[in-house]
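Colleague: I am new to this protein and would like to understand the words used to describe it. Could you take me through them one at a time?

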Amino acid sequence: MLLVFTEKTPGSRAQSTLELDIADIRTRLGQITDLLLSSQSQPQRSPDHHFPSQETPASPSGSFGAAIPSAFAPSSPGGRGSHGSDVDGSEFPFMIIQSRPMMNILGLSPDTAQWLVNAERAAAESSQMQNCFGTGALRMFMLQSQPITAALAAFSEHVHTWYPLFSADFTEAFTSSIIEPNPHSVQSCLAMLVVAIGSLTTPRDTNAALHERPGQAYYEAAMAHLPAALQGYSLPSLQCLVLFALYQLCLIRPCQAHDYITIASFRAQNMLQSRTFPGGSKEDEGLRRAFWVILLVESEIAVQLDLPHSGIWAYEDIALPATTEAWHFAPPLADAETTETSPQSQSCTSSDSVLVYFLAEIAMRRMLQRCTTSVNMSAGGQLRYAPVIAQELELQLQLNEWYKCLPVALHFHMSPKSRDEVAELPAAQFLQTQYFACKASIYWPAVYQAMELSTACDELLQFCKEFFGSFVSFVGNPLDWRDFTRTCY
């Protein structure tokens, strides 16, 4: 507040009135200051005040590539610490790591989720201190054509297949940024991140890649552009933030990935809220595609670990991405041997197949978000399973309809008995795993109710049987996970 004082002239009544007004203003400012100081000195809020948390449902399904997600977990439709609209999330043991009751049932520490977060944070802090005490010299590197082509092909096959972030003309923009790098360009940051992630996913040995960190120099070059990505308000800057998160996921650093994806989430929400791009434009399509990628990544991380949600599910009604013009890079014939792409992966990384899988994954995520609606509260305040909701009216019906809508390339056996009945394509294999995870999540509350009551009627036992059948199919899938990991990573 700016107070303007004028010179007082003796005998002027108007000036005396002005002085009185200024004195009154000073008094009121002092009262406001005292109130603010007193409120800051109070350590706790009044119990009468309730501050609602952000509504951020999350789901457990996710992507493959460098970080294999955990598909078997329900989501939290009500936001952080809440796992259902009618049920207190702190009481029901939802099948996720951050559920303290679930950890108690498994005989694990209730603070397992917090321990995992703190362990990663401590390791990251130690690594940063070592870097600070290092030589500090900048690493210089040459951009060689063949390794960059191999990295771009690996990124397309192992990462973009699961997170279709770019439009069909991305190769041209990438090539331009590599040929004429600009130290202040967000496009250069985007290109360096693609090469860094692609280099990390190129080796066939996952453990060796995590240890040797191929492409680290490209990531460090991208980090130099991070201020431009944070300050920019464009689609490429948003895509950069998403790729920073994906790089951390490749290194199995979910907490650091969550830091970046949360920033990207708020940026995407701001862009959607302010209608940054004209509807139907190429940029608008890119923004919607980035939004759904962010939602999938954030939900996968936040549903398991004790991390805050960004509120991105409040924009769930955003239109789905189009099923055309997704980017896919096919390396030149001369580099085909170097990239070592697998026949299975090549057959599912075309533009059309990628986007069809993307839509199927979004639909599965939404179902996993709702899988806890099969729980309600009785008149006595006890948790009860609602089988009619779970099987006949809602979840099971939606799951069956979801399966019927899958294209032939993504079909899988409902109950595989041998290796020959496992889906051929990696995308179909993962959807098959999620299918059984979703079914088990739907029927888990029935098992928990039987455990709590130590008795069960015939109807409840039937749903318990469905749970164990789905769970056995989930964990006992006759799929060689080592071969599957090598295919996707």
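Modeller: Gladly, and please keep in mind that this is a predicted model. Helix α12 has 21 residues and reaches 30 Å from its first C-alpha to its last, close to the 30 Å expected at 1.5 Å a residue.

Colleague: What makes α12 a mostly covered helix?

Modeller: A residue is called buried when its relative accessible area is under 20%, and in α12 this holds for 19 of the 21 residues. Helix α11, residues 254–273, can be described in a similar way, since 14 of its 20 residues are buried and α11 too is mostly covered. Its ends lie 27 Å apart, first C-alpha to last, which is close to the 28 Å expected. For the protein as a whole, buried residues make up 48% of the 489 residues.

Colleague: Which residue just after α11 takes a positive phi?

Modeller: That is R275, with a phi of about 50°, a positive value in a residue other than glycine. R275 sits in the loop between α11 and α12, the latter spanning 282–302.

Colleague: Why is R275 called exposed?

Modeller: The word applies over 50% relative accessible area, and R275 has 70% relative accessibility, so R275 counts as exposed.

Colleague: Why, then, is R213 called partly exposed?

Modeller: R213 has a relative accessible area of 28%, and because the middle class lies between the 20% limit for buried and the 50% limit for exposed, the value belongs there. R213 is found in the loop between α7, residues 206–212, and α8, and its phi, near 55°, is positive although the residue is not glycine.

Colleague: How do you know that α6 is roughly antiparallel to α8?

Modeller: The axes of α6, residues 186–201, and α8, residues 216–223, come within 8 Å and cross at roughly 155°. Angles over 145 degrees count as roughly antiparallel, and that makes α6 roughly antiparallel to α8. The crossing in which α6 passes α8 is left-handed.

Colleague: Which residues of α6 and α8 meet there?

Modeller: From α6 they are C189, M192, L193, V195, A196 and S199, and these meet Y218, Y219, A221 and A222 in α8. By class, the residues of this contact of α6 with α8 divide into nine nonpolar, one polar and no charged.

Colleague: And what makes α5 and α6 roughly perpendicular?

Modeller: Here the axes of α5, residues 170–179, and α6 come within 9 Å and cross at roughly 100°. The range for roughly perpendicular runs from 65 to 115 degrees, and α5 and α6 are therefore given that description. On the α5 side F170, A173, F174, S177 and I178 take part, and they meet Q187, S188, L190, A191, V194 and V195 in α6. The residues of the contact of α5 with α6 divide into eight nonpolar, three polar and no charged.

Colleague: At what angle do α18 and α19 pack?

Modeller: Helix α18, residues 426–453, and helix α19, residues 458–475, pack at an angle of about 145°, with their axes 7 Å apart. Their crossing is left-handed. Among the residues that make the contact are F436, Y443 and W444 of α18, and F463, F467 and F471 of α19. The residues of the contact of α18 with α19 divide into 15 nonpolar, four polar and two charged.

Colleague: How do you know that W444 is buried?

Modeller: The relative accessible area of W444 is 7%, and because buried means under 20%, W444 falls in that class. Leaving aside neighbours within four places in sequence, W444, a residue of helix α18, is in contact with F92, P93, M95, M102, I105, M451 and F467. W444 and P93 are 351 residues apart in sequence, yet 9.5 Å apart in space, C-alpha to C-alpha.

Colleague: Is V472 buried or exposed?

Modeller: V472, which belongs to helix α19, has 53% relative accessibility and so counts as exposed, the limit being over 50%. The C-alpha atoms of V472 and F436, which are 36 residues apart along the chain, are separated by 8.7 Å.

Terms used: Residues numbered from 1 in each chain as written. Predicted model: local features only at pLDDT ≥ 70, side-chain atom pairs only at ≥ 80, totals over all residues. Heavy atoms only, no water. Axes fitted to C-alpha atoms, helices over the stretch in contact; angles between N-to-C directions. Helix = DSSP H or I, 4+ residues; strand = E, 2+ residues; numbered from the N terminus. Parallel < 35°, antiparallel > 145°, perpendicular 65-115°, else oblique. Left-handed = near helix turned anticlockwise from the far one by under 90°. Contact = heavy atoms within 4.5 Å. Nonpolar A, V, L, I, M, F, W, Y, C, P; charged D, E, K, R; others polar. Expected span 1.5 Å × (residues − 1). Buried < 20%, exposed > 50% of the residue type's maximum accessible area, 1.4 Å probe, protein only.
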